[in-house]
Amino acid sequence: MNLALQQPTDLTYQPYPKKVIPLTGKWIPAYEGVDLGLNYKQLTNLRYTDTHLEGVSGMTKINTTVMHDTYQKVRSAFHYTKSQPAESHLLAQAYNSDLSASVILQNKTAIPNTGDFEIDVLWTDAAGSGKGYFSIAPAETLIYCNGKENLIWSGDEAKIGGFFIANPDSQVIYDYTDKVQNLMDDAQNVATMTTTGGGIDEYTMVVLHGENNADDSSGKGHTFTASSVTYSSSNPKFGTYSFSFTGAATSVLYCADHADFNVSGGVWSTDEWVYFNSFNAVSTIWAQATDANNYHRLYVNTSGIVIYNLVAAGSEKSTIASGIGSIQLGRWHHVEMTENGDDYYLLIDGVKVASMSTADRPADYTSYYSIGG
């Protein structure tokens, strides 16, 4: 019997076949190993995504000091980020030592950089609140619920919902919404403040710009006389100049009575820009009277409070006043006083600060209409 030994012609190393483990299973620590299949009994440095597991890079310390002297016990936290505008807020609900009160603290340092939590508390939970929960909401806003309150927050700056310029009849002239929502800043993506022709009209009785004169720009031709009033170019609101009053009773603009100043019908409005250097004396913004016992007046007292009062037959009928601090020294403020029937409104910088309802009305006063003094 003849035996023949044949040598292999391919002497390269042949490894065992590679086994591909898809990372699409679940973490089930209670299962026995033989029952796991494609699942996992233990995970290290891995986390879930929507489709599979992925590696975790690790942890980075984000603050170097104690987050707050009083509130140090964190019960929930959330990293709130926005793309437009780009913002990063690490929010933490933290309790005091005996768990009797909780607040929301924030760290505005962009992760993974290191920075401390803000000193000021972002929000103080209502008494009896429970553990807080955070969730992203539409328009890149954040919802927070603690069992007592439901809050919606937009971070430092909310996205503009719409930007329109319209005429007084509410007919939209320009829609700049898309231009102010995107991040482009070229000439095709700016909002231009265009007038709509609704400024000085037949309902406007007096317009004084103080442009180095006391001319009435309303078209009604009212003649105002300036007494101890100058024109300042150091801090003008419009154009090059503005009226400058000394604060004395004799520093005043005045005009003889006219039917245009009759507001006894109960529908009227005045608005003006004011700038105060001091509150050393009561300062009239405007006033009209028949005599010392019959008048209405808008003024600022020595505490910076704006007051409107209506006096008839020597008796004060109605008064409406803003709060302390509504007018601040060294800055311009827009002040508006409006009556609409039995409802009076006082607005400062476009915000209603006081209102009242009364049947009392100004009279058809017969003396000068004055500004200042």
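Which residues have the most contacts inside the largest nonpolar core? They are Trp 286, Leu 298, Val 306, Tyr 308, Val 335, Met 337 and Leu 346, in a core of 30 residues. The model is predicted. The points below cover its cores, an open sheet, a buried strand, one loop glycine and the cysteines.

**Nonpolar cores**
- Eight elements each supply at least two residues of the largest core: strand 15, strand 16 (267-275), strand 17 (283-291), strand 18 (294-300), strand 19 (306-312), strand 21 (332-340), strand 22 (343-348) and strand 23 (351-357).
- Another core, of 9 residues, lies apart from it. Met 67, Leu 90, Leu 105 and Phe 117 are among its members.
- Val 335 belongs to the group with the most contacts inside the largest core. Leaving aside neighbours within four places in sequence, Val 335 is in contact with Thr 270, Asp 271, Glu 272, Val 274, Ile 285, Leu 298, Val 306, Ile 327, Leu 346 and Leu 347.

**The open sheet**
- Seven strands form an open sheet in the order 12-15-24-17-18-19-20. The pairing is antiparallel.
- Strand 12 (225-227) and strand 20 (315-321) are the edges, and each pairs on one side only.
- From one strand to the next, the twist averages 15°.
- Strand 12 is joined to strand 15 (residues 252-255) by 3 bridges, and the two run antiparallel. Across this pairing, Thr 225 stands opposite Tyr 254.
- In general, strands of a sheet pair through backbone hydrogen bonds.

**Strand 5, a buried strand**
- Strand 5 covers residues 102-107, and 6 of the 6 are buried, so the strand is largely enclosed by the rest of the structure.
- Side chains in a regular strand alternate between the two faces of the sheet. In strand 5, Ser 102, Ile 104 and Gln 106 point one way. Val 103, Leu 105 and Asn 107 point the other way. Both sets are buried.
- Strand 4 (residues 86-95) runs antiparallel to strand 5, with 6 bridges between them. Leu 90 stands opposite Asn 107 here.
- The hairpin of strand 4 and strand 5 has 6 residues between the strands. In this hairpin, Leu 99 takes a positive phi near 60°.
- Strand 6 (residues 123-124) also pairs with strand 5, in the antiparallel sense, over 2 bridges. Trp 123 in strand 6 is the bridge partner of Ile 104.

**Ser 102**
- Ser 102 sits in strand 5. Its relative accessibility is 5%, so Ser 102 counts as buried under the 20% cut-off.
- The side chains of Ser 102 and Asp 125 are joined by a polar contact of 2.6 Å.
- Beyond neighbours within four places in sequence, Ser 102 is in contact with Tyr 71, Gln 93, Ala 94, Tyr 95, Thr 124 and Asp 125.

**Gly 162**
- Gly 162 lies in the loop between strand 9 (150-153) and strand 10 (164-166).
- Gly 162 has a relative accessible area of 34% and is partly exposed.
- Gly 162 and Thr 177 are 15 residues apart in sequence. In space, their C-alpha atoms are 4.8 Å apart.

**Cysteines**
- With sulfur atoms required to lie within 2.5 Å, the count comes to 0 disulfides.
- Cys 145 is partly exposed, at 28% relative accessible area.
- Cys 255 is buried, at 4% relative accessible area.

Note on methods: Residues are numbered from 1 along each chain as its sequence is written. This is a predicted model: local features need pLDDT of at least 70, side-chain atom pairs count only at pLDDT 80 or more; totals for chains, interfaces and linings use all residues. Side-chain values use heavy atoms; hydrogens and water are left out. Two strands pair if DSSP finds at least two bridges between them. Helices (H or I, at least four residues) and strands (E, at least two) are DSSP runs, numbered from the N terminus. Axes are lines fitted to C-alpha atoms, for helices over the stretch in contact, and angles run from 0 to 180 degrees between N-to-C directions. Buried means under 20% relative accessible area, exposed over 50%, partly exposed in between (1.4 Å probe, protein chains only). A polar contact is a pair of N or O atoms within 3.5 Å; within protein, one must be able to donate a hydrogen and the other to accept it, and residues adjacent in sequence count only if both atoms are side-chain atoms. Contact means heavy atoms within 4.5 Å. A nonpolar core is a set of buried Ala, Val, Leu, Ile, Met, Phe, Trp, Tyr and Cys residues joined through side-chain atoms within 4.5 Å.
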